[in-house]
Amino acid sequence: MTSTKIQTCVTGFPSIGENRELKWALEKYWSGQIPFEELESTAAALRKAAWLEQKSAGIDYISCCDSSLYDRMLDTAVIFGAVPERFASIEDPAELYFAMARGNSSGPAMEMTKWFNTNYHYIMPELKQNQAYECNSSLPVSRYREAISHGIVPRVNIIGPVTFLTLSRRTDGGRAIDLLPVFIPLYKKLLEDIASAANGRVLVQIEEPVAVSDTHSPTPDVFRQICDALAEVKGVDIIFSTYFDHATEAVKALRDVPLYGIALDFVYGPENLEALEYLNGKKLFAGVVNGRNIWKNNYSRTLALYETISRKVAPENIVLSTSCSLQHVPYSLRSEDKLDQQVRERLSFAVEKLHELADLSSIISGNVAAGSNGPLADNRAVFQSRSALFEMSADNEAARRSREGSRMSRKTAQKALNLPLLPSTTIGSFPQTPALRALRRDYKKGVIRSEEYDLGIKNYIHECIVFQEEAGLDVLVHGEPERNDMVEYFGEQLEGFAFTSNGWVQSYGSRCVKPPVIYGSAARVRPMTVDIIKYAQSLTSKPVKGMLTGPVTILNWSFARDDVPREKICQSIAAAISEEIDDLQRAGIRIIQVDEAAFKEGYPLRRSKREDYEKWAVECFRDAVSTARPETQVHTHMCYSDFSDIFDAIEALDADVISIETSRSGNDLLRIFEHRGYSGDIGPGVYDIHSPRVPSQAELEDEINSRLAVVPAESLWVNPDCGLKTRKWEEVKPAIRNMAAAAVNARKGVVHRG
């Protein structure tokens, strides 16, 4: 297609390792089994492996500082001395770093929330006006030198100042972005230090994904202001990097700024084609290989896209790239020999995406022979093959779009539950102990028979019920011992889903998830949870919640087909969930929780694209719960999110009770429910489950009383932030006892005041 060698780039690579080596090392370090030096040695080995993997694939632009021991936003906060006052007395750098992330005796962890519309959680920096910020460049400088020592001349990845500030929280009031004049000199100093460590010019990727959002992004002139300032640093070439949607306005503002290049996402932001006329001679890092999904790149479509781009940008200025960091996909397909071959041949993980870039470069550069052999022909054969495995049925909608009765009339019907004021409960899961994981693993491998497995699961459920009754909780859960993951568990019982052996993706810190692969229409073959919830309910007179994952979350936390409308896939999942709800209530289950933890993260970052998603996402949830009778209380749960811009959708879901994560943000997230007058019950988390710290009863009473300042007592539930599967029993038991006792005392206080 061209005689020019088309270069390639990877925006970032997974941190956790091919076999989750970083996860295991972190957890050993936290439990005191290994020293920090061994943790860092493991992380260094993983960085080297990632660099050499990219080098061997022929990638031209390879990053350093694209990985982290916990989170890159946290790394950036540490680089600039943005340490909360409660941790300021901690002298050991490693102890300080992880205290900020996880909390300790000095105080609770920093707030955590979703990275744009992904399932990755970042640590939200805490900033204030009069803090003495400074630049400590040792981390990026050491990573640069480390890459050089392995024969890699890297591009240094830095989260840009606008994104860093926009995603931070001011603890003294005001907007964090107003601190930009304070941080621009710090960023310049950081670039100067990196340049000093380099022999010759150094390439720095300034990541500004906030430029693609029109809900939180500042005006485009702000990007021009910061890039003008950073471009003054001698010895540094800057790539202004965006991803997850289009950044046309920012690119236009940067037209006359002397940048080395601009990175644009053409997978999720096809409108970026309109930005090409503003490049003004800069290199274009064209994100044409999907960094967020695992389906194989369609070379024919990508080559057509390249042709369109090359009509506006000279080939020597085009670099083929991933659309974003590959941290959002699993490491490699190498160990996936158990996948159906028809599914496997259509997939591409991080390592395979390196070779897709190399293939596309070779095809465009004319370095592979045309005809029936070669990567283009092989790729076309995959996409031209027809298989019944991948057929999608016609839309399968639930019989009704909404439940019978209004929320208020249902609340009257649900008084038969006889729940007290400020009812206490948990979100669903209890600790996944090593013994429990071994039980599931042995059963899956055929080491034990089903009778032994069932007995082990029932024993765990019995222990959970006994503990909850002893602790004094009002609404109980069965603890989910049979579930490996809240999405994978249901996917394993639905048609149209496939599962990897090692397709792990980092969610936060050491927490990894293994998303299912949706290749066809979802269909329920048999009841999925009825027998086990029935058993749990038989052990107690208190209500036990039926625990289901909602259709939108199953979709958003899976790797769904990218050639089929997401709405169509979601509708088929909703139909399956509605059948399960009907069977649960027929079995006598009076409270059913349908978790939509990922509802918010499915929202597009551009307002113009949101209405369509919101419409079908709400409809699919309502489809799923449409079989619930008025006397059946429907709960839903949502993880860390800013709910201010989706309140109308939450109201439209028409759940009876919603629980949300608020322990790290106090009442900040909750205010929108007060201001807008939410008509349902709400359980704002009072206990941070992402930290090993055990809150005292007095502390939890303060949290409950704080929530009562915003939510009427008759509408308030008391619960932790999220499920407890990642915690240990020695942490969970005292925390839950304290929470239940705090609820009882707060209840007495409300009655007394009344």
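Q: In this predicted model, which residue in E16 stands opposite alanine 498?
A: Strand E13 covers residues 494-498, and E13 and E16 pair in the antiparallel sense over 4 bridges. In that pairing, the residue of E16 opposite alanine 498 is valine 517.

Q: How many of the 8 residues of strand E16 are buried?
A: Strand E16 runs over residues 517-524 and is largely enclosed by the rest of the structure. This follows because the number of its residues that are buried, out of 8, is 7.

Q: What is the bridge partner of isoleucine 518 in E18?
A: E16 and E18 run parallel and are joined by 2 bridges. Within E18, isoleucine 518 has as its bridge partner alanine 560.

Q: Where is serine 558 placed, and is serine 558 buried or exposed?
A: Serine 558 lies in the loop between helix H19 (551-556) and strand E18 (559-560). Leaving out residues up to four places away in sequence, serine 558 touches Val487, Phe497, Pro515, Pro516 and Ile518. The relative accessibility of serine 558 is 8%, and the limit for burial is under 20%, so serine 558 counts as buried.

Q: Which strands stand at the edges of the open sheet of 5 strands?
A: The order of this sheet is E17-E19-E20-E21-E22, with parallel pairing. An edge strand has a single partner strand, so one side of it is left without a neighbour in the sheet. The strands in that position are E17 (545-549) and E22 (681-684).

Q: By how many degrees are neighbouring strands of the sheet E17-E19-E20-E21-E22 turned against each other on average?
A: The sheet is open and its pairing is parallel. With direction ignored, the average turn between neighbouring strands is 20 degrees.

Q: What is the bridge partner of lysine 545 in E19?
A: E17 pairs with strand E19 (residues 591-595) in the parallel sense, over 5 bridges. In E19, lysine 545 is matched with isoleucine 591.

Q: Which strands stand at the edges of the open sheet of 8 strands?
A: The order in this sheet is E1-E12-E11-E10-E9-E8-E6-E2, and the pairing is parallel. Two of these strands each have a single partner strand, so one side of each has no neighbour in the sheet. They are E1 (7-9) and E2 (63-64).

Q: Which residue in E8 stands opposite isoleucine 158?
A: Strand E6 (residues 155-159) and strand E8 (residues 202-207) run parallel and are joined by 5 bridges. Opposite isoleucine 158, in E8, is isoleucine 206.

Q: At about what angle does H7 run to E6?
A: H7 lies across E6, E8 and E9. Its angle to E6 is about 165 degrees.

Q: Is H5 roughly parallel or roughly antiparallel to H7?
A: The axes of helix H5 (residues 138-149) and helix H7 (residues 180-197) come within 9 Å and cross at roughly 25 degrees. Angles under 35 degrees count as roughly parallel, so H5 and H7 are roughly parallel.

Q: How many nonpolar residues does the contact of H5 with H7 have?
A: H5 passes H7 in a right-handed crossing. Pro140, Val141, Tyr144 and Arg145 in H5 meet Leu190, Asp193, Ile194 and Ala197 in H7. By class, this contact has no polar residues and 2 charged ones, while the nonpolar residues number 6.

Q: Which helices are included in what covers the buried residues of H13?
A: In helix H13 (residues 375-384), the buried residues are Pro375, Leu376, Ala377, Asn379 and Val382. The cover over the buried residues of H13 includes helix H10 (299-310) and helix H12 (350-365).

Q: What separates the C-alpha atoms of alanine 25 and leucine 69?
A: Alanine 25 is in helix H1 (residues 21-30) and counts as buried at 5% relative accessibility. Apart from neighbours within four places in sequence, alanine 25 is in contact with Ile34, Leu39 and Thr42. Alanine 25 and leucine 69 are 44 residues apart along the chain, and their C-alpha atoms are separated by 10.0 Å.

Q: What is the phi of phenylalanine 244 near?
A: Phenylalanine 244 is in the loop between strand E9 (236-241) and helix H9 (248-253). At 3% relative accessibility, phenylalanine 244 counts as buried. Its phi is positive, in a residue other than glycine, and is near 90 degrees.

How values were computed: Residues are numbered from 1 along each chain as its sequence is written. This is a predicted model: local features need pLDDT of at least 70, side-chain atom pairs count only at pLDDT 80 or more; totals for chains, interfaces and linings use all residues. Side-chain values use heavy atoms; hydrogens and water are left out. Two strands pair if DSSP finds at least two bridges between them. Axes are lines fitted to C-alpha atoms, for helices over the stretch in contact, and angles run from 0 to 180 degrees between N-to-C directions. Angles under 35 degrees count as roughly parallel, over 145 as roughly antiparallel, 65 to 115 as roughly perpendicular and the rest as oblique. A crossing is left-handed if the near helix is turned anticlockwise from the far one by less than a right angle, and right-handed if clockwise. Contact means heavy atoms within 4.5 Å. Ala, Val, Leu, Ile, Met, Phe, Trp, Tyr, Cys and Pro count as nonpolar, Asp, Glu, Lys and Arg as charged, and the others, Gly among them, as polar. Buried means under 20% relative accessible area, exposed over 50%, partly exposed in between (1.4 Å probe, protein chains only).
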